[in-house]
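Please consider the model shown here, beginning with its interior and ending with the meeting of its chains.

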There are 2 protein chains.
Amino acid sequence: MADKVVILTGGVSREEIALDPLTRKIYLELTEPSLEDNRADVDRLAAALEKLLGPVVVPLAAMRRIPAVLRDADWRVTVTVGAGAPGVWNLVDVEPGDTVKRHYGLAVDIGSTTVVVYLVNMHDGRIMGTAADYNGQVGLGEDILTRIYLAGTPGGLEQLQRAILVTLNGLIRRLTDEHGLAGGNISAVAIGANSTMVHLFLGVDPSRICMAPYIPVVNNPGLIPAGQLGLEINPLAPVYCLPSVGSYVGGDVVAGVLASGLHQQPELSLFVDIGTNGEIILGNRDWLVGCAGAAGPALEGGVAECGMRAEPGAIDSVSIDPESGKVRYTTIGGAPPMGICGSGLVDCLAELLLAGIIDRAGRFKDGRREFVVVPASESATGKDIVVTQVDINNLMRTKGAVNAALELLLESVGCNLSDISRFYAAGAFGQYLHLESAITIGLYPDLPRDKMVRLGNASGEGARLVLLSNRKRAEAEAIARNITYFELNANQVFMNKFVGSKFLPHTNLDYYPTVK
Amino acid sequence: MADKVVILTGGVSREEIALDPLTRKIYLELTEPSLEDNRADVDRLAAALEKLLGPVVVPLAAMRRIPAVLRDADWRVTVTVGAGAPGVWNLVDVEPGDTVKRHYGLAVDIGSTTVVVYLVNMHDGRIMGTAADYNGQVGLGEDILTRIYLAGTPGGLEQLQRAILVTLNGLIRRLTDEHGLAGGNISAVAIGANSTMVHLFLGVDPSRICMAPYIPVVNNPGLIPAGQLGLEINPLAPVYCLPSVGSYVGGDVVAGVLASGLHQQPELSLFVDIGTNGEIILGNRDWLVGCAGAAGPALEGGVAECGMRAEPGAIDSVSIDPESGKVRYTTIGGAPPMGICGSGLVDCLAELLLAGIIDRAGRFKDGRREFVVVPASESATGKDIVVTQVDINNLMRTKGAVNAALELLLESVGCNLSDISRFYAAGAFGQYLHLESAITIGLYPDLPRDKMVRLGNASGEGARLVLLSNRKRAEAEAIARNITYFELNANQVFMNKFVGSKFLPHTNLDYYPTVK
Ligand code: FES
Ligand SMILES: [Mg+2]
Ligand SMILES: [Mg+2]
């Protein structure tokens, strides 16, 4: 059995991890019972496992199946055991014959907009397939606050839980069908998701996440059998949600930090995930601080006047000729333009500034209320595709929140931007944003470009790491435990900085030497 | 809190055990969350518990309830935790305020005929109430073999499982109603039952119990949450079935040995439970051997021609005047006679022998086929109540099996009857049989009467001990592990002895000095 595997962390770094996955498969040849050796079936199996593993708990559901499997397989079986309570394994499956190499798990990124499921071969650590879909909850509430509100209405929580479950089960079926597997062949799941997504997936009340003092029901839900959650896989498969730090720094961020590896490096690193909240983590192997910028959903599809998700027809890059004012753009899939996605919006703002159409305060110099990116005659909607003053103000608030949060974190630990050795950009926006535009508007800090690393889907990658390695899982728990969390929602220092950072790229241009 | 309690073991001995029950209740005053201390509700609770107890697992079902309880109770709550995987506690309940003294569990004896439930105050160790009923499975199959057969037919196992569940839930409701409790107030259950009863209760296939080489599915099922079994109590309450030694020496016997305390005594003791199987355990604190005599159900209601259960109207004692042949009898409750129960049958056989009506081979000397105990004119049924030659033969087989098994055990360890310091008679028959009659027919060994101890419902008492003490639970597991089990079903030495013991009281009268 291969027990080392090269992990691709979003194309950033390759790290060899020892394979020690959330579930293990063990092939056993048991002694057939006789009058002389008349131990019970379950006790016989448990004894053989305990010799190898220490305490093993056999759940009732498994007991019912064991006698037939043992006899049909002539006492040669492969047992799947899963991590349980500390120091204890739980029996998850018993299959006839030697199936040690057929060992499958799922790494999952539940974003509030997009859900990605990776089918992982836990025997060799490789990703066998990927499937993605919109989070079914989007239809019930575009942004997170709407969903938290809905969860508080009668039946709302159940509705939201069912929606994400339908999405997940659909993706799982797609992947298992593609690879000729049954749902029951999946024996472990690791999930990177923010606090609210985890609450809704578990069916626990998220309402206090958005009310001071912002207390989640649970940050570290531990290992839950899949059957209790409605996932259509082996019902005894352990499901692990990466732990959250707090209401606004979730398991997706912890997964991202884990994937970046910054928690093991001696140099100071900065990790930024620009999504709804703009989570920021600063630290090294000795300490970690973090906060969420309450960035607001400015970059999410549907918030801006002509905003949309990164689907075909979305304008994803924009440039404006400073002389002629002529706009050039590209769309996803080259389709006729229907709206603007997040990265397109950031480009717009940067280009409007560079072309002198807006001032550093984000105001249109000539007093107009909107800028036409694509005229009605060219658009697929038959209407002008525009960026409005309101859109610009929203985006400035987002970047202001991220700026202020970063400044606050740096100050709190007595560091400067120049102390940062590496900047990790995570999340969907991190993957597609144009770096120069993001720096131009001050959303990202103005650091030497060779210090900047795009992590890709760091949440999914972190989930894959904990799926494949119990040591990585312990590291994730340590990260969550060790991050000193600054709650910004009611923080006056943050509010002052926030107000002070509402210029493009920043009130203090010294922070942005290359933009000046 | 009282932490020592005097245990009554069927009126035999009083033992002080330290209270250390299957679940514990702990009153906590938690710090209210704030911006400065914004731990999640579940993590906050778990941290407070782990400081006291080490690792605690919080099940999903509990997570959902915790936030509301904590706030309604102003952060002062009583937490119930239950024994889980080795070294780990599971959260079972969270209640507002200090309810440490309201701590309830059930000790249960599931017999194939009768089920007894004891409501136990786990705070002081006392029995608050007892409720008994026939096992609902009796209606589906009077004897165990019929039930095992039924379990193998489509839907049969589910039917049998439902039947015992209905019985148990009925008894539980009766007890909780009586004491003004809700089912949810019950947080732990310990059960003494034979292997087949445990299989049927758990819904696992019992079919191989009665087929060579007599392999149960499970001897030690561990701790199972009540909700998985359909018990109408706190669904997270741990349910513990005392471990079996094998197919024919079950958790009821292990419970009985535990209650007798013979496993801790330096002297040699004999433990006999005359039921369907006639289980025998011989040993002391250093070693234990055991077997089941495959006694057959001769003593159970409904097997003999006029047999019935120990209900009102059952003839429970009989004497026959050797001169006149006149019969005197008593019935349970003094009701008009309807049939004969087990103890009445044993009396009959002894008296028939002593009156010279049958010979030592159990045959009617005058060649008749039956003996009229009560004539039709006096009986409640309007028919003669009789003991037939077939009834006598059945009972002789039972006593022969017990004799042979005991002889085999004694020989296997190189001991004699005279080495036995104490004889424990367990089970319902042990409670009601007339000692002299049982010795006269050779069902019990002919030992000095002061060495003989009736244990009463030893299975229920053993269940109470493990409910109240995790140390006693560990002892029960050690008893089950340490009993060297002799499988008699296919044992030629046993068969020879069985054939040789079919005289009353025994082929070798030296074994029965006081009967001679
Ligand atoms: S936000 Fe524009 S391509 Fe993703
Ligand atoms: Mg994300
Ligand atoms: Mg019994």
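The paragraphs below treat the nonpolar cores, a sheet and the interface.

This is a predicted model, in which local features need pLDDT of at least 70 and side-chain atom pairs count only at pLDDT 80 or more, whereas totals for chains, interfaces and linings use all residues. Residues are numbered from 1 along each chain as its sequence is written, chains are lettered from A in the order in which they are written, and side-chain values use heavy atoms, without hydrogens and water.

The largest nonpolar core (buried Ala, Val, Leu, Ile, Met, Phe, Trp, Tyr and Cys residues joined through side-chain atoms within 4.5 Å; buried means under 20% relative accessible area with a 1.4 Å probe, protein chains only) has 110 residues. Ile110(A), Phe201(A), Leu231(A), Leu45(B) and Leu49(B) touch the most other members. Helix H4 of chain A, residues 156–178, gives the most to this core, with eight residues (helices are DSSP runs of H or I, at least four residues, and strands of E, at least two, numbered from the N terminus). A second, separate core holds 109 residues, including Leu45(A) and Tyr424(B).

In chain B, an open sheet of three strands follows the order E17-E16-E18, with mixed pairing (two strands pair if DSSP finds at least two bridges between them). Strands E17(B) and E18(B) are its edges. E16(B) and E18(B) run parallel, joined by two bridges; Ala314(B) has Gly339(B) as its bridge partner in E18(B).

Chains B and A each contribute 40 residues to their contact (heavy atoms within 4.5 Å). Across this interface the rule finds zero salt bridges (a side-chain nitrogen of Lys or Arg within 4 Å of a carboxyl oxygen of Asp or Glu).

How values were computed:
Buried < 20%, exposed > 50% of the residue type's maximum accessible area, 1.4 Å probe, protein only.
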